[in-house]
Amino acid sequence: MAMAAAKGRVLPLLAVAAALAAALLYRAPFSKSLGGEGCSLLPHDHFWIASERVVTLGRVGPAAVEVKGGLINAIAVGDYRSFLLRRPVVDYGDAVIMPGLIDVHAHLDEPGRAEWEGFSTGTRAAAAGGITTLVDMPLNSYPSTVSEETLKLKLDAAKDKLHVDVGFWGGLVPENALNPSALESLLNAGVLGLKSFMCPSGINDFPMTNSTHIEEGLVTLAKYKRPLLIHAERIPDVQNEDGIDGELDPKAYTTYLKSRPPAWEEAAIKDLQRAMKDTEIGGRSEGAHIHIVHLSDAKTSLGLLKDAKQNGARVSVETCPHYLAFSAEEVPDGDTRFKCAPPIRDSTNRDNLWEALLDGHIDMLSSDHSPSAPDLKLMEEGNFLRAWGGISSLQFVLPVTWSHGKKYGISLNQLASWWSERPAMLAGLKKKGAVLPGYRADIVVWKPEAQFHLDDSHPVYHKHRNISAYLGKQLSGKILSTFVGGNLVFAEDKHAKAACGAPILAK
Ligand SMILES: NC(=O)N[C@H]1NC(=O)NC1=O
Ligand SMILES: [Zn+2]
Ligand SMILES: [Zn+2]
């Protein structure tokens with residue numbers, strides 16, 4: 001019965017042992033450390049999961065993973081079936097067992113804008129998508145997370161609503177950037193690092209920073225060894241003439257592209273050169289780390305970042321599935337679901353982003369899940385210049401990355417590196433991001449080959465399915481089970497009753 005709950009396939013050979021094991025499992029007491037009965041669809045705190053394709057230790061192969069008290073206790077690599085005789089096991093056959101995804105860039109907009117997205121809906125979508133940890137951005141909620149007090153409001157709003165673990169970035173804004181004690185109190189309160197914008201953010205209480213704010217903020221961050229995430233677009237001092245003029249059709253996607261050319265990304269990154277240099281060994285903010293969020297320009301901006309890395313700057317770069325899945329050529333005019341900043345560029349740029357990811361010049365992936373209330377997307381009017389910029393994608397990032405990445409020959413190990421290991425390092429999450437003994441049992445089990453059509457009948461848990469650019473698409477990669485800290489929080493299109501994810505605070 002316990003086995004059936006997880007739809008595990010118990011090998012016929014092990015039928016007797018499995019029956020014994022099931023009985024054992026069923027009688028096992030609920031673990032307080034796992035939060036009690038409603039936290040898991042598999043209410044046991046000691047069990048094994050196994051499959052032919054476990055992603056661990058840089059390889060993919062048959063293995064069994066022992067989960068005990070919320071942690072991975074042991075891994076039996078190789079012929080796990082004989083090893084597992086008489087042990088309680090959920091056998092996932094040839095499904096992939098991989099570290100749960102860590103999405104370091106999601107906007108869950110509580111308090112203040114729960115009608116855009118919230119902790120409950122956002123983390124349910126995450127669980128359904130195999131994401132086991134999210135790091136929440138400091139803007140789009142109201143107030144923004146820019147102080148100890150506003151972080152406390154976030155934590156209060158999140159209480160009892162987290163279906164996965166959630167950490168928080170704080171905001172670096174002009175009001176705190178030149179004030180080390182204000183920044184220290186925010187960092188001491190537990191944000192995992194800071195985030196700032198070099199252009200208007202679209203949110204009134206999250207003003208943009210200039211390079212001086214950034215350089216000064218980094219000095220404080222260096223003491224804490226926590227990163228600064230930067231939205232690197234800046235309006236160039238001199239706009240060149242193919243910039244936008246009033247005559248262009250606001251429904252045409254080309255108009256939007258012209259309004260935010262790659263020159264914006266370039267200008268920001270050039271402006272960051274001194275800040276990047278400061279992070280080098282012996283630099284003014286040695287120990288700090290600059291992370292460029294959602295890179296879209298795979299040309300000059302990427303080149304500048306490669307140079308900075310080569311010179312020893314501590315810089316990392318993420319891009320997002322929408323820049324890898326879509327190209328400007330295929331964005332229909334008036335379809336503002338595809339509006340994001342920086343924009344989705346042409347197909348050559350998309351191919352170059354894949355190449356940079358495969359070559360290691362782009363370090364990791366994140367969703368930048370940034371929904372709004374549907375009316376702000378202006379879907380009927382189709383005005384790209386006035387619509388909210390933000391892509392709604394949280395639940396689909398794994399199948400989207402896989403479906404499109406297959407064409408570029410990506411491997412399961414690369415997926416685990418881009419979506420789990422590197423994000424864990426960026427956010428300073430110890431014992432997360434890999435399937436290894438001693439690590440938190442945050443695991444996704446999925447079937448890469450299973451195809452599905454994201455049609456109107458597909459369950460979507462994040463807010464406002466209609467504003468997601470992925471609706472109507474055919475994807476490969478079905479999530480079977482998601483474990484967070486040993487709790488089976490999602491399986492067979494069902495969530496565990498209780499929300500037992502943990503808030504993560506830096507110490
Ligand atoms: N405020 C906000 O979420 N902006 C995000 N949306 C987007 O498309 N890019 C962003 O930075
Ligand atoms: Zn951004
Ligand atoms: Zn964002």
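User: Which residue of β19 is the bridge partner of V166?

Analyst: In this predicted model, V166 has P503 as its bridge partner in β19.

User: How do you know that β8 and β19 count as a pair, and in which sense do they run?

Analyst: Pairing requires at least two bridges between the strands. Strand β19, residues 503–504, shares two bridges with β8, so the requirement is met. The sense is parallel.

User: What makes β7 and β8 a pair?

Analyst: The rule of at least two bridges applies here too. Four bridges link β8 with β7, the strand of residues 131–136, and therefore the two strands count as paired. Their sense is also given as parallel.

User: Which residue stands opposite F168?

Analyst: That is D136, and F168 itself belongs to β8.

User: What makes you say whether the faces of β8 are covered or open?

Analyst: Side chains in a regular strand alternate between the two faces of the sheet. In β8, which spans residues 165–168, D165 and G167 lie on one side, with V166 and F168 on the other. Each of these four residues is buried, so each has under 20% relative accessible area. Both faces are therefore described as covered.

User: Why is N140 called buried or exposed?

Analyst: The cut-off for buried is under 20% relative accessible area. N140 has a relative accessibility of 1%, so N140 is classed as buried.

User: Where is N140, and what is its phi?

Analyst: N140 sits in the loop between β7 and α5. Its phi is positive, about 100°, although N140 is not a glycine.

User: Why is H294 called buried or exposed?

Analyst: The limit is again under 20%. With a relative accessible area of 3%, H294 falls below that limit and so is buried. H294 belongs to the loop between β12 (289–292) and α12 (300–310). Like N140, it is not a glycine and has a positive phi; the value for H294 is about 30°.

User: What is the omega of the bond between Y142 and P143?

Analyst: Omega is about 0°, and this peptide bond is cis. P143 is placed in the loop between β7 and α5, a helix of residues 148–158.

User: What is omega for the bond from A341 to P342?

Analyst: Omega is near -5°, and the bond is cis. P342 lies in the loop that joins α13 (321–325) to α14 (347–359).

User: How many Å separate the centres of domain 1 and domain 2?

Analyst: The separation is 36 Å, taken over C-alpha atoms. Domain 1 covers 2–94, while domain 2 is made of 100–429 and 458–475.

Technical notes
Residues numbered from 1 in each chain as written. Chains lettered and ligands numbered in written order. Predicted model: local features only at pLDDT ≥ 70, side-chain atom pairs only at ≥ 80, totals over all residues. Heavy atoms only, no water. Buried < 20%, exposed > 50% of the residue type's maximum accessible area, 1.4 Å probe, protein only. Domains from an automatic or database assignment.
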